[in-house]
Amino acid sequence: MKVVCEGIDLSDAVLKVVKACATKTVTPVLECIKITARNDRLTVLATDSEISIQKTIKADIYEEGDVCVPGRYFSDFIKKLEGAQLTLSSDEKKMTIVYADSQTEMQVLSAADFPKIDTDINESSFRIKTADLKRFINSTSFCCAGDDSRPILKGCQFLIKDKELCVTALDGFRLATAHGTLISSTGDMDIVCPARTLSEIEKMIDGDGETEIFVQKGRILVEVDDTVLTSRLYNGDFIKKENIIPKDFTTKVKVDKKALKDSIERAAILVRSDKNSLIIFDISSDKIEISSNSEIGSVQEPVKAETEGKDVKIAMNSKFIIEAVNALNEDKIVLAFNSQIQPFICENEVNKDRLYLILPVRTMNNA
């Protein structure tokens, strides 16, 4: 293989795909980026077997071929050559990178060992406004589980019915759900997409246009500006949110979002080294008393609120409530409770397009 390309173009492409390289694997080729030179186009591709990202750029191809280079080393090195014109040439053992009056050599692996990536995914699809897709991802994916004890909870459920989309995520301690309307859909769907995949999609898409997502046989594909992302979907039955979210509440509170957020964040500072980062809401007729206590000190602040129903005192993980409040986008938000040991919800006052449910923390006083 021998090609000439601009460093800025190759760096941009490599930085996009390197995020799909495996980091801990017994298969060395999965730590590589595959480079393919064909028909005046240079394609870089990486995969860890769950997600793959491919980017194509223009180049002068003098000799076609394929080669696998060490992903992260190659990425870091090419990033330092963004202002140069590069000549890449390779044989079975090494790649030579020539820039200005200098050259560098890197060991390579055979492209024959790189897994085949299927990009023929078009059985089903749905189209959505790009801004709406970003909102769905940003307002739910942070509630996905981070461990492998229940793999399906590491993803978001996309439930499509009659061009209505509902996205749900939960990790066993909290739940996020958001809903809205699609531009079009080839039919109803129920898929669970890994949170990591959604994060990469969110970085790919931009602007006020539309994004089309293709689905086929447990895989998903998104293409944006010569970048193609494919990913496997999770198999299994996702938890039904209707069985978790309470339908009625004994206490409802309307409060200014900024005032609540600022108070929670101050209370959280003193407990951030504790396991549960525990803060307490003591809700009465006209306020929420927010408090926290640790070896560092204590905080106790009243926040004005409009309340209906019974007084309640409830403990919670400060990180969970901060992230839920941050994800809401109106000046006034509503919190609803049943008791100190039952899950409670947070949502916008007017637009009910998203909802967050949080499980309280049991303490000595409410066990």
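**Exercise 1. Place Asp 9 and say how open to the surroundings this residue is.**

Start with the secondary structure: Asp 9 belongs to helix H1, which covers residues 7-17. Helices here are DSSP runs of H or I with at least four residues, strands are runs of E with at least two, and both are numbered from the N terminus.

A quick word on what you're looking at: this is a predicted model, where local features need pLDDT of at least 70, side-chain atom pairs count only at pLDDT 80 or more, and totals for chains, interfaces and linings use all residues. Residues are numbered from 1 along each chain as its sequence is written, and side-chain values use heavy atoms, with hydrogens and water left out.

Next, check the accessibility. Buried means under 20% relative accessible area, exposed means over 50%, and partly exposed is in between (1.4 Å probe, protein chains only). Asp 9 has 36% relative accessibility, so this residue counts as partly exposed.

Last, look at the company Asp 9 keeps. Together with Glu 6, Asp 40, Asp 60 and Glu 64, Asp 9 forms a patch of negative charge on the surface. Patches take residues with over 30% relative accessible area and no salt bridge, and join like charges within 9 Å or nonpolar side chains (Val, Leu, Ile, Met, Phe, Trp, Tyr) within 5 Å. Asp and Glu count as negative, Lys and Arg as positive, while His and the chain ends are not counted. For the place of a charge, take NZ of Lys, CZ of Arg, CG of Asp or CD of Glu. The areas come from the Shrake-Rupley method with a 1.4 Å probe, and for residues only the protein chains shown count as cover.

**Exercise 2. Describe the chain as a whole.**

First, the elements: the protein chain has six helices and 26 strands. Then the extent: along the principal axes, the C-alpha atoms fill a box of roughly 75 × 50 × 35 Å. Finally, the burial: 52% of the 367 residues count as buried.

**Exercise 3. Work out why helix H6 is called largely enclosed.**

Count the buried residues in H6, which spans residues 318-327. Seven of its 10 residues are buried, so the rest of the structure largely encloses this helix. The buried ones are Ser 318, Phe 320, Ile 321, Ile 322, Ala 324, Val 325 and Ala 327.

Zoom in on Ala 324, which sits in H6. With 2% relative accessibility, Ala 324 counts as buried. Now measure across the fold: Ala 324 and Tyr 356 are 32 residues apart in sequence, and their C-alpha atoms are 6.1 Å apart in space.

Then go to the start of H6. There, a side-chain oxygen of Asn 317 comes to within 2.8 Å of the backbone nitrogen of Lys 319.

**Exercise 4. Sort out some of the salt bridges.**

Use this test: a side-chain nitrogen of Lys or Arg must lie within 4 Å of a carboxyl oxygen of Asp or Glu. The whole structure contains 24 salt bridges.

- Arg 174 and Asp 171 pair up at 3.2 Å, N to O, and both are buried. These two also belong to a salt-bridge network with Lys 319 and Glu 323.
- Lys 241 and Glu 242 pair up at 3.3 Å, N to O. Lys 241 counts as buried at 16% relative accessibility, whereas Glu 242 is partly exposed at 47%.
- Glu 306 and Lys 254 pair up at 3.6 Å, N to O. This pair links distant parts of the chain, 52 residues apart: Glu 306 is in strand E22 (residues 298-309) and Lys 254 in strand E19 (residues 251-256). Glu 306 is partly exposed, with a relative accessible area of 48%, and Lys 254 is partly exposed at 26%.

**Exercise 5. Find the side-chain partners of Ser 231 and Thr 104.**

A polar contact is a pair of N or O atoms within 3.5 Å; within protein, one must be able to donate a hydrogen and the other to accept it, and residues adjacent in sequence count only if both atoms are side-chain atoms.

Take Ser 231 in strand E18 (residues 227-232). Ser 231 is buried, at 0% relative accessible area. The Ser 231 side chain makes a polar contact with the side chain of Thr 197, at 2.7 Å.

Now Thr 104 in strand E9 (residues 102-107). Thr 104 is buried too, with a relative accessible area of 19%. The partner is Tyr 99: the two side chains make a polar contact at 2.8 Å.
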